[in-house]
Amino acid sequence: MEQTVVLIPAFNAAATLPELIRRIEPYLPREQILVVDDGSKDRTAAIAIAEGVRVLRHDRNFGKGRALRTGFDYVVRSTSDQMVITMDADLQHRPEELPSFFAMHQLSGFDLLIGYRARWGTSMPFPRKLSNSITSFLVSARTGVAIRDSQCGYRLIARRVLESVETTADGYEAETEFLIKAAQKGFRIGCVPISTVYADERSYMTNARTTFRFLNTLLKEY
């Protein structure tokens, strides 16, 4: 789809990035893919450059929230693109489901679409199922919007949201901060069903620091 950027925050993603880019290409050309290398120690940036996509680099690892913010700022300040699709670099998000986001956006006009994964009856480990259920319930209560998978990083975001919402968090909690601020500004938020692909990522609620940051973000007055 024209005027759309796929934004991939990447940290030590050299092993998975080539496949991800090749799988995106049937839906969007490589020049519409933007990789933000968040201080990787491997060849993430070099591989992204060799694959012919746009690349921004951090000189050290700041966190997913900072990488997303760097990408959002670039899109707003340096392009005329009207939508951003965010995807994780670990192949957890299937590029083959990009058409579902485009179709839902065209049909509904939502400003922000979030992928949601089935939890029960899938291969998702129980701690992850529990953490997703709890965090989604809490974020939904905080925003007043039914958000079925608040921690999913597979999202479609309209430019008008990027121009209005600014986050400050550097870690994973920035994705929660973004949802809260978007809801407060009255942007319409919807969900798109996506496949449950568990890539052995760490559960959001099993890390004490991440859990504390999530709760701090959830309860903070903006």
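In this predicted model, a network of salt bridges links E19, R23, R94, E96 and E97. The structure as a whole holds 16 salt bridges, and several further pairs merit individual description.

One of these is formed by the side chains of E25 and R30, which meet at 3.1 Å, N to O. The two partners fall into separate accessibility classes: E25 has a relative accessible area of 37% and is partly exposed, whereas R30, at 17% relative accessibility, counts as buried because this value lies under 20%.

A second salt bridge joins R66 to D170, with 3.0 Å between the closest N and O atoms. This pair connects distant parts of the chain, since R66 belongs to helix α3 and D170 to the loop between α6 (159-164) and α7 (173-184), 104 residues apart. R66 is partly exposed, with a relative accessible area of 25%, and D170 is likewise partly exposed, with a value of 23%.

A third salt bridge, between D149 and R117, brings the closest N and O atoms to 2.7 Å from one another. It too links distant parts of the chain: D149 lies in the loop between α5 and β6, R117 in strand β5 (residues 112-117), and 32 residues separate them. Here both partners are buried, D149 at 1% relative accessibility and R117 with a relative accessible area of 4%.

Strand β5 leads to the sheet. Seven strands make up this open sheet, arranged in the order β3-β2-β1-β4-β6-β5-β7 with mixed pairing. Its edges are formed by β3 (54-58) and β7 (189-194), each of which pairs on one side only. From one strand to the next, the twist averages 20°. Within this arrangement, strand β4 (residues 83-86) and strand β6 (residues 155-158) run antiparallel and are joined by four bridges. In this pairing, V84 stands opposite I157 of β6.

Helix α3 (residues 64-78) packs on the sheet, where it touches β1 (4-10), β2 (33-38), β3, β4 and β6. The direction of the helix makes about 140° with that of β2. Besides R66, whose salt bridge with D170 was described above, helix α3 contains D73. At 33% relative accessibility, D73 counts as partly exposed, because this value falls between the cut-offs of 20% for buried and 50% for exposed residues. The C-alpha atom of D73 is separated by 8.1 Å from that of L162, although the two residues are 89 positions apart along the chain.

A nonpolar patch on the surface is formed by F126, L130 and I134. Together these three residues present about 270 Å² of accessible area. L130 is located in helix α5 (residues 126-143). With a relative accessibility of 39%, L130 counts as partly exposed. The loop that runs between α5 and β6 holds D149, so that following the chain from this helix leads back to the buried salt-bridge partner of R117.

Conventions. Residues are numbered from 1 along each chain as its sequence is written. This is a predicted model: local features need pLDDT of at least 70, side-chain atom pairs count only at pLDDT 80 or more; totals for chains, interfaces and linings use all residues. Side-chain values use heavy atoms; hydrogens and water are left out. Two strands pair if DSSP finds at least two bridges between them. Helices (H or I, at least four residues) and strands (E, at least two) are DSSP runs, numbered from the N terminus. Axes are lines fitted to C-alpha atoms, for helices over the stretch in contact, and angles run from 0 to 180 degrees between N-to-C directions. Contact means heavy atoms within 4.5 Å. Patches are made of residues with over 30% relative accessible area and no salt bridge: like charges are joined within 9 Å, nonpolar side chains (Val, Leu, Ile, Met, Phe, Trp, Tyr) within 5 Å. Accessible areas come from the Shrake-Rupley method with a 1.4 Å probe; for residues, only the protein chains shown count as cover. A salt bridge is a side-chain nitrogen of Lys or Arg within 4 Å of a carboxyl oxygen of Asp or Glu. Buried means under 20% relative accessible area, exposed over 50%, partly exposed in between (1.4 Å probe, protein chains only).
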